[in-house]
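Trainee: I am new to this structure. Please take one part of it, the place where two chains meet, and go through it closely.

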Protein chains: 2
Amino acid sequence: MLDQRPHDSAISALQALLGDRLVTSQADRALHGQNESYHPTLLPDAIAYPENTQEVSEIVKICAEHTCPITPYGAASSLEGQHLATKGGISLDTSKMAKLLTVNAEDLNVVVQPGLTRIALNEELRATGLFFPLDPGANASLGGMAATRASGTTAVRYGTMADSVLALEAVMADGTIIRTGSQARKSSTGYDLTHLLVGSEGTLGIITELTLRLQGIPEAASAATCRFNSVEDAVNCVILTIQSGLPMARIELVDEMMVRGFNNYSDAGLPEKPHLFVEFHGTPAAVAEQSISFGEIAEEFGASGFERAEKAEDRTRLWSMRHNAHQANRALAPTKGILSTDVCVPISKLAEAIVEAQRKSKEMGLSCTIVGHAGDGNYHCGLNVDTSDPEEMGRAKAFAGMLNESALRLGGTVSGEHGIGMGKTAYMHAEHGPALIYMRAIKQALDPQGILNPGKILPATNQ
Amino acid sequence: MLDQRPHDSAISALQALLGDRLVTSQADRALHGQNESYHPTLLPDAIAYPENTQEVSEIVKICAEHTCPITPYGAASSLEGQHLATKGGISLDTSKMAKLLTVNAEDLNVVVQPGLTRIALNEELRATGLFFPLDPGANASLGGMAATRASGTTAVRYGTMADSVLALEAVMADGTIIRTGSQARKSSTGYDLTHLLVGSEGTLGIITELTLRLQGIPEAASAATCRFNSVEDAVNCVILTIQSGLPMARIELVDEMMVRGFNNYSDAGLPEKPHLFVEFHGTPAAVAEQSISFGEIAEEFGASGFERAEKAEDRTRLWSMRHNAHQANRALAPTKGILSTDVCVPISKLAEAIVEAQRKSKEMGLSCTIVGHAGDGNYHCGLNVDTSDPEEMGRAKAFAGMLNESALRLGGTVSGEHGIGMGKTAYMHAEHGPALIYMRAIKQALDPQGILNPGKILPATNQ
């Protein structure tokens, strides 16, 4: 390339460091500028492929010297544009840092590099009798899951990434390598930098190593689906199940529109009614007991059509249908994009919130599926939108805005698990009020030049 | 008082605000300057008794204007001097902010003021079928428990304060009132200020309201004790129990010296051997199943003398013996103080760590009991020390230092639950390395004058 690139001096220095692991080809830039959601394509100026922590540190030092933005890039499955280089600069791709480093089976934890994906981790753990339970659907990178505080279908039982990361190694904005947390199960020694970095979306430091809690593979597991006459009945069943203290491994709501999507996409052959997809983990006796207790609660709310899946392959079939929700949602309008909302409300308010969302989306003429990690009070409306049609995008965003405001009114949050990225910065003040001042102070203290993933989480000061 | 007091101008302004709820009497200052542990008595210049958040904000604004230190004060049960006014100034006593504000039974949470104690909370919850499970032994204030990231006997099942605080209200160093978190069970919207404040020991903000997760009272509960021929057998039983995934509600190690203390203090009549005290929660069938599984594991390690406690009053008797460990420890040498260590190691290293601690304490001629939240890898050596004898204090501190260094070598932490306070600042660099730079940067950003609980957590820069 002959023409002057932005951040040219940083790129030259990085080329000297990384050789052909610093890429400026149009094709690679275009690949790293895409997203699965409704955000615009945004190309980085170059992509760096570090192989180890020391290299990440050197990359950051070079970028700090040249005030060049760095945007960490994992599996690109984030839904709020977290991996997009909003101000150009370097996309730091962790795909060459994807090793399982240590399995501490006796301590039920594992040390991994950030580019390893959750499915690859579980494949490597297969012989140990242990597994990493978090399941956000996509085969996300573990570094990305930590950065966005991801969770998914099993969080109701096993918690979110906030509960799963024991310790981190990270490179800070000046290139310093730090370690947070320890191999111990708890600690009370100073400021909790682990939890500060988890969910910070690469804006405070770049995660280069993670220690993750594992779980023993349960002796027995059993899954089931059942259907309800109304979404309200389905949600009220979830609420009572959680309030009863049943230790559900999964309890997922799928509304009638999403069932239509599954039927189209996977030939699911399910009646087009609201469904719950549930799973139980434990000893054989505990699983049997939980299954009976859940069945009794579900019947109170008129559930019917129970289908059980006990064998591993039957459970896999059931959950892969659920996992393909995003693709099935897309398939309802193949030429359009997806705007996925992500509010989370106190569980006692979930029925009210979902009934309102269904009503409003119909009123506004939007194609909307609903899936919910209902046990956590978290649900997603998947809107099929033509991102090139400003009128339709405007309606979809207005709908999402109403859901966000309603979630805040109900004591909830505008994001249960997708994060803020570039998509929801406008709601940070409404959700956090004066606390936002101190988030800005922390960002300023830890990244005074603002080179780490600029344009994410914190709204521009005039917003 | 005629003589000029330090921070006189701040105290005058506070008197104008609070009237007789600003106290400068020698008696009250002496009371607030005491501690249960080995730290020196350190008197504040005055004690403020705010009644609400707005008053805390006004107090902090006055102190900020006059650069007057503020040390939050709850139930004074902290063991590392967290509540001591190391630089004088104001002790901010939360005893008049001790209300249960809201029970959100449907959402399994409760909103409380910081001065409410955990026992008072559970008394108020009695009719709801819910309880707050954390149990650090002392009847600590809930604000203090959050500030020190406390945990205790039930953390193995229900987590620590880091897992129990859903949301906070806090007053920051400039008097601004902020809210962190929400009533939703999870969120992914920006920097996790809740976890940053939990464990910050009042050095980043003063907690004025807490939203805490509750648990349903288990349908069935059963406790038991058993004894082992060696502490190593007892700990190896714990390790295998945890690795097997048994959802223990409590699994506590008590060594032979601590048993002697219980026998002296509570007429426990137990054989002077290492014991485990355990508890199971769940449905009747689950409790029975867990109890059998635990018994099988314990027998592998030669356990004998099983005593079960099923009735609530029998379980209370068992656990009140355990809760009185601090007093029983004191009673072994009534004229002396107690230095309690608090390391936490990866569970696979726990037997090694405890055997070494017993051997070293004997070698060094120290009177040492050991109790352990063994399921978490956390244990306490309770040393009877004459705080006025520099030689004995020196030996005790050298022993504690060896344990701390050994815990770090084993991948653990110098504090599982007591915190850093003024007692362990010297170990912050050894545990955190360069991460300490960023803890200092956060403190500087959020409390630039250093008025919030000075002398705690962060070592002086020349340390």
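Mentor: What follows describes the interface of chain A and chain B, then one residue in it, then chain A as a whole.

This is a predicted model, in which local features need pLDDT of at least 70 and side-chain atom pairs count only at pLDDT 80 or more, while totals for chains, interfaces and linings use all residues. Residues are numbered from 1 along each chain as its sequence is written, chains are lettered from A and ligands numbered from 1 in the order in which they are written, and side-chain values use heavy atoms, with hydrogens and water left out.

Contact here means heavy atoms within 4.5 Å. By that rule, 74 residues of chain A touch 74 residues of chain B. The two chains bury about 5,900 Å² between them, and carbon and sulfur atoms give 58% of this; buried area is the accessible area (1.4 Å probe) that two parts lose on being put together, summed over both. Lys186(A), Tyr191(A) and Tyr438(A) supply 17% of the area that chain A buries against chain B, more than any other three residues.

Six salt bridges are counted between chain A and chain B, each a side-chain nitrogen of Lys or Arg within 4 Å of a carboxyl oxygen of Asp or Glu. One of them joins Asp376(A) to Lys186(B), with the closest N and O atoms 3.5 Å apart.

Ser188(A) lies in the loop between β9 and α8 of chain A, where helices (H or I, at least four residues) and strands (E, at least two) are DSSP runs numbered from the N terminus. At 1% relative accessibility, Ser188(A) counts as buried; the term means under 20% relative accessible area, with exposed over 50% and partly exposed in between (1.4 Å probe, protein chains only). Leaving out residues up to four places away in sequence, Ser188(A) touches several residues of chain B, among them Thr148(B), Arg149(B), Ser415(B) and His418(B). A polar atom of the Ser188(A) side chain is 2.5 Å from the backbone oxygen of Thr148(B).

As for chain A itself, 17 helices and 18 strands are found in it. Its radius of gyration is 22 Å, close to the 23 Å that the globule rule gives for 463 residues, so chain A is as compact as a globular protein of that length. That radius is taken over C-alpha atoms, and the rule is 2.2 Å times the number of residues to the power 0.38. Of the 463 residues of chain A, 62% count as buried.

Note on methods. A polar contact is a pair of N or O atoms within 3.5 Å; within protein, one must be able to donate a hydrogen and the other to accept it, and residues adjacent in sequence count only if both atoms are side-chain atoms.
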